[in-house]
Amino acid sequence: MKWLVVLSALVAFSECLHRMPLIKGKTARQTLQEQGKWEEFRKQHPYNPMAKFIQSGTESMTNDADLSYYGVVSIGTPPQSFSVIFDTGSSNLWIPSVYCSSQACQNHKKFNPQQSSTFKWGNQQLSIQYGTGSMTGYLASDVVEVGGISVANQVFGISQTEAAFMASMAADGILGLAFQSIASDNVVPVFYNMVKQGLVSQPMFSVYLSGNSEQGSEVVFGGTDSSHYTGQITWIPLSSATYWQISMDSVTINGQTVACSGGCQAIIDTGTSLIVGPTSDINNMNSWVGASTNEYGEATVNCQNIQGMPDVTFTLNGHAFTVPASAYVSQSSYGCMTGFGQGGSQQLWILGDVFIREYYAVFDTQAQYIGLAKSV
């Protein structure tokens, strides 16, 4: 009888989880390489991964050509669907609109306010800065449906102009999952409203990113899914509840400290594809794993050498998280590259999708902790 009670409680709890499937699609880099436009693109739009972490009063975003995970949300009554990047490194939701004439809006879905009976205009403009340009538009509110959850009166941005590089993005827009303290115009983020409106059973969400398969990745709102990880979840307190920022003690290879000597800060960011750090530290890491760096700061390796390359260990708040070469090297028909990118600051690293694919990440907004467990 006791087991029956436990089982029914578990079933009830599992029903409180809301799953947002993520598609692992083609990256902008892959599309542009196929079109023979990649070299021209990266000269025009240099990769600046720290752009969105510079606090300037306006929300910023990076022109990351290697982002590949996105999910479909709907806005309005009746619903209009959009693919968005679920980004723990920013806090606003925005999508293209029918009022946008930029090239980037022409090949993406555009929201039409006149077709939604629940749409309301706001009275503020929105500006989001990029490493190479900006997105401008207006704030408005409507019903937003995410993973089966309908959030009422969600304030979001609808674009009027978009930076040129966004034409190459697979996703239509961005859904930010960081804290309200960094939201442009102090907009209440989508997940805050899920919690406030009693739509999730716990004030946490978790992210599972699959390695190679297109299917299987997801954001789980309201808790965790134990089928996505093995062992225990290690809980790490946030050092700053702005981004999902934690303390990193060191980066080691074969027991030797190769980066973040004496400690640094790191942001767990689903909206950055790579692991990003200061140029000198990243060059040292790439040198240790046998990679050579090109003029764009990308580190290439011989694909035949992957099995013999060393693990890299990131020690976070006293806990070691090891990433093997099979996880930090990406292979394509154009060769093999490490997932360690230049452009971080001495104070701030970004642990992006390369890291999150290895470690299931749990984001607890109330307790202000990040949980990490080995992904299955």
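**Surface patch, annotated aspartates and local backbone features**

V98, Y99, W121 and Y138 come together as a nonpolar patch on the surface of this predicted model, and their accessible area adds up to about 380 Å². One member of the patch, Y138, sits in strand 7, which runs over residues 133-146. Its relative accessibility is 30%, so Y138 falls in the partly exposed class.

Turning to the annotated positions, the UniProt record, an unreviewed entry, lists D87 and D269 under "active site". The two are spread over 183 residues of sequence, yet they cluster in space, with a largest C-alpha distance of 6.8 Å. Their settings in the fold can be taken in turn. D87 belongs to strand 4, made up of residues 80-87, while D269 is placed in the loop between strand 16 (264-268) and strand 17 (275-277). Are these aspartates buried or exposed? D87 has a relative accessible area of 3%, and because the cut-off for buried is under 20%, D87 counts as buried. D269 comes out at 0% and is therefore buried as well. The side chain of D87 also makes a link to the backbone: it reaches the nitrogen of G89 at 2.8 Å.

Strand 4 has a further feature just upstream. The loop between strand 3 (69-75) and strand 4 holds P78, and the peptide bond leading from T77 into P78 is cis, with omega near -5°.

Next comes strand 8, which spans residues 149-161 and includes I149. With a relative accessible area of 2%, I149 is buried. What surrounds this side of the strand, once neighbours within four places in sequence are left aside? The contacts of I149 are H18, V144, M194, L199, V200 and F221. Of these, F221 is 72 residues away from I149 in sequence, but the C-alpha atoms of the pair are 9.1 Å apart in space.

Strand 8 also carries a backbone oddity. N153 is found in this strand, and its phi is positive, at about 50°, although N153 is not a glycine. A second asparagine can be described along the same lines: N186 has a positive phi of about 55°, and again the residue is not a glycine. Here the setting is a loop, with N186 lying between strand 9 (173-176) and helix 5 (190-196).

Finally, S375 is part of strand 27, which covers residues 369-375. The relative accessibility of S375 is 13%, so this serine counts as buried. Which residues does S375 touch beyond its neighbours within four places in sequence? The list takes in Y208, H228 and Y229, along with the run I356, R357, E358, Y359 and Y360. For R357 there is a polar approach too: its backbone oxygen lies 3.4 Å from a polar atom of the S375 side chain.

Taken residue by residue, burial recurs in these descriptions: D87 at 3%, D269 at 0%, I149 at 2% and S375 at 13% relative accessibility are buried. Y138, by contrast, is partly exposed and contributes to the nonpolar surface patch with V98, Y99 and W121.

Note on methods: Residues numbered from 1 in each chain as written. Predicted model: local features only at pLDDT ≥ 70, side-chain atom pairs only at ≥ 80, totals over all residues. Heavy atoms only, no water. Helix = DSSP H or I, 4+ residues; strand = E, 2+ residues; numbered from the N terminus. Buried < 20%, exposed > 50% of the residue type's maximum accessible area, 1.4 Å probe, protein only. Polar contact = N/O pair within 3.5 Å; in protein donor to acceptor, adjacent residues only side chain to side chain. Contact = heavy atoms within 4.5 Å. UniProt positions renumbered as here; feature names shortened; annotations may be inferred. Patch = residues over 30% accessible without salt bridge, like charges linked within 9 Å, V, L, I, M, F, W, Y side chains within 5 Å. Areas by Shrake-Rupley, 256 points an atom, 1.4 Å probe, with all protein chains shown as cover. Salt bridge = Lys/Arg side-chain N within 4 Å of Asp/Glu carboxyl O.
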